[in-house]
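Work through these exercises with the sequence and the model side by side. Try each task before reading its solution.

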Amino acid sequence: MSNRPRPFRSLGLRTLALGALLAAAFTAGRLSDGPLLPVAGAQQDPVDDAIVIRMKQGYEALRRAQLALEQSGHYVPAANGVNAFVTFAGGYDVLTSLENGRGVDPETYAALEAGFAPQAVLSELGRDGSGRLTYKNRLVRLLPKETLRAMYLRRAEVLGESL
């Protein structure tokens, strides 16, 4: 094992990271048109105000981290909103990857499917004959498995997460 100090090892930062993930999941759920499967009664109950406060705090911290990655050139988004996956992985040039047909991360894919992207990207989205999402007439895919795995491993290292 390495003796290097590991970032995000404190309980407070881990709690903040968990809050950010919860905020992203909550936002994704709120943006959906409705459940595809029946929703259990417990899931329909409103979230406790104390949890909502933590979610908002986590979201704000994640938003600031994403902005810092964008400003430093480590993250170039292809969709609107905060992307917890790419932010926690330390960034990625998603727009170039989309432009070159290499694929996008899962959160970007979901945002593109839902129509949450800058107008320049939205105007190039379409569907092929099978109804699959396209960008400039090329099929939009998830990033290759090896790239996604590398991003997960980077995220685990940054957050001190055990996979």
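**Exercise 1. The buried face of H6**

Task: Find which residues of helix H6 (residues 106–114) are buried, and state what they pack against.

Solution:
- Step 1. Keep in mind that this is a predicted model.
- Step 2. Apply the cut-off: a buried residue has under 20% relative accessible area. In H6, Thr-108, Ala-111 and Leu-112 are buried.
- Step 3. Look down the helix axis. The buried residues of H6 fall within an arc of 100°, so they line one face of the helix.
- Step 4. Recall the geometry. An α-helix has 3.6 residues a turn, so residues three or four places apart point the same way.
- Step 5. List the packing partners. The buried residues of H6 pack against two helices, H5 (94–99) and H7 (119–122), and against strands S1 (125–127) and S2 (133–135).

**Exercise 2. The two ends of H6**

Task: Describe what happens at the start of H6 and just after the helix.

Solution:
- Step 1. Go to the start. A side-chain oxygen of Asp-105 comes to within 3.1 Å of the backbone nitrogen of Glu-107.
- Step 2. Go past the other end. Just after H6, Gly-115 has a positive phi of about 85°.

**Exercise 3. Leu-112 and the core**

Task: Trace the contacts of Leu-112, then place this residue in the largest nonpolar core.

Solution:
- Step 1. Leave out residues up to four places away in sequence. Leu-112 then touches Ala-78, Leu-98, Ala-117, Val-121, Leu-125, Leu-133 and Val-140.
- Step 2. Turn to the largest nonpolar core, which has 20 residues. Leu-112 is one of the members that touch the most others; the rest of that group are Val-86, Val-94, Leu-98, Val-121, Val-140 and Met-151.
- Step 3. Ask which elements supply the core. H4, H5, S2 and helix H8 (145–159) each give two or more residues to this core.
- Step 4. Set this against a general trend. In soluble globular proteins, nonpolar side chains tend to be buried together.

**Exercise 4. Salt bridges**

Task: Work out which residues pair with Glu-60, and where the partners sit in helix H3 (residues 49–71).

Solution:
- Step 1. Start with the principle. Side chains of opposite charge can pair when their charged atoms come close.
- Step 2. Take the total. The structure holds six salt bridges.
- Step 3. Find the pairs. Glu-60 forms a salt bridge with Arg-63 at 2.4 Å, N to O. Glu-60 also forms one with Arg-64, at 3.7 Å, N to O.
- Step 4. Check the spacing. Arg-63 and Glu-60 are three residues apart in H3, about one helical turn. Arg-64 and Glu-60 are four residues apart in H3, also about one turn.
- Step 5. Check exposure. Glu-60 is partly exposed at 27% relative accessibility. Arg-63 is partly exposed at 32%, and Arg-64 is partly exposed at 48%.
- Step 6. Add another pair. Arg-132 bridges to Asp-128, with the closest N and O atoms 2.8 Å apart. Arg-132 is partly exposed at 44%, and Asp-128 is partly exposed at 22%.
- Step 7. Join bridges with shared partners. Glu-60, Arg-63 and Arg-64 form one network.

**Exercise 5. The sheet**

Task: Give the strand order of the sheet and identify its edge strands.

Solution:
- Step 1. Order the strands. Three strands form an open sheet, S1-S2-S3, with antiparallel pairing.
- Step 2. Find the edges. S1 and S3 (138–139) each have a single partner strand, so one side of each is left without a neighbour in the sheet.
- Step 3. Inspect one pair. Three bridges join S1 to S2. Leu-125 stands opposite Tyr-135 in S2.

**Exercise 6. The whole chain**

Task: Summarise the fold pattern and locate Gly-81.

Solution:
- Step 1. Count elements. The protein has eight helices and three strands.
- Step 2. Read along the sequence. The pattern is α-α-α-α-α-α-α-β-β-β-α.
- Step 3. Take the buried share. Buried residues make up 28% of the 163 residues.
- Step 4. Consider contacts with a separation of 6 or more. Residues 24 or more positions apart account for 54% of them.
- Step 5. Place Gly-81. Gly-81 lies in the loop between H3 and helix H4 (84–88), and is partly exposed at 47% relative accessibility.
- Step 6. Link Gly-81 to a distant position in sequence. Gly-81 and Ala-117 are 36 residues apart along the chain, and their C-alpha atoms are separated by 8.3 Å.

Key. Residues are numbered from 1 along each chain as its sequence is written. This is a predicted model: local features need pLDDT of at least 70, side-chain atom pairs count only at pLDDT 80 or more; totals for chains, interfaces and linings use all residues. Side-chain values use heavy atoms; hydrogens and water are left out. Buried means under 20% relative accessible area, exposed over 50%, partly exposed in between (1.4 Å probe, protein chains only). The arc is that of the directions from the helix axis to the C-beta atoms. Contact means heavy atoms within 4.5 Å. A polar contact is a pair of N or O atoms within 3.5 Å; within protein, one must be able to donate a hydrogen and the other to accept it, and residues adjacent in sequence count only if both atoms are side-chain atoms. A salt bridge is a side-chain nitrogen of Lys or Arg within 4 Å of a carboxyl oxygen of Asp or Glu. Two strands pair if DSSP finds at least two bridges between them. A nonpolar core is a set of buried Ala, Val, Leu, Ile, Met, Phe, Trp, Tyr and Cys residues joined through side-chain atoms within 4.5 Å.
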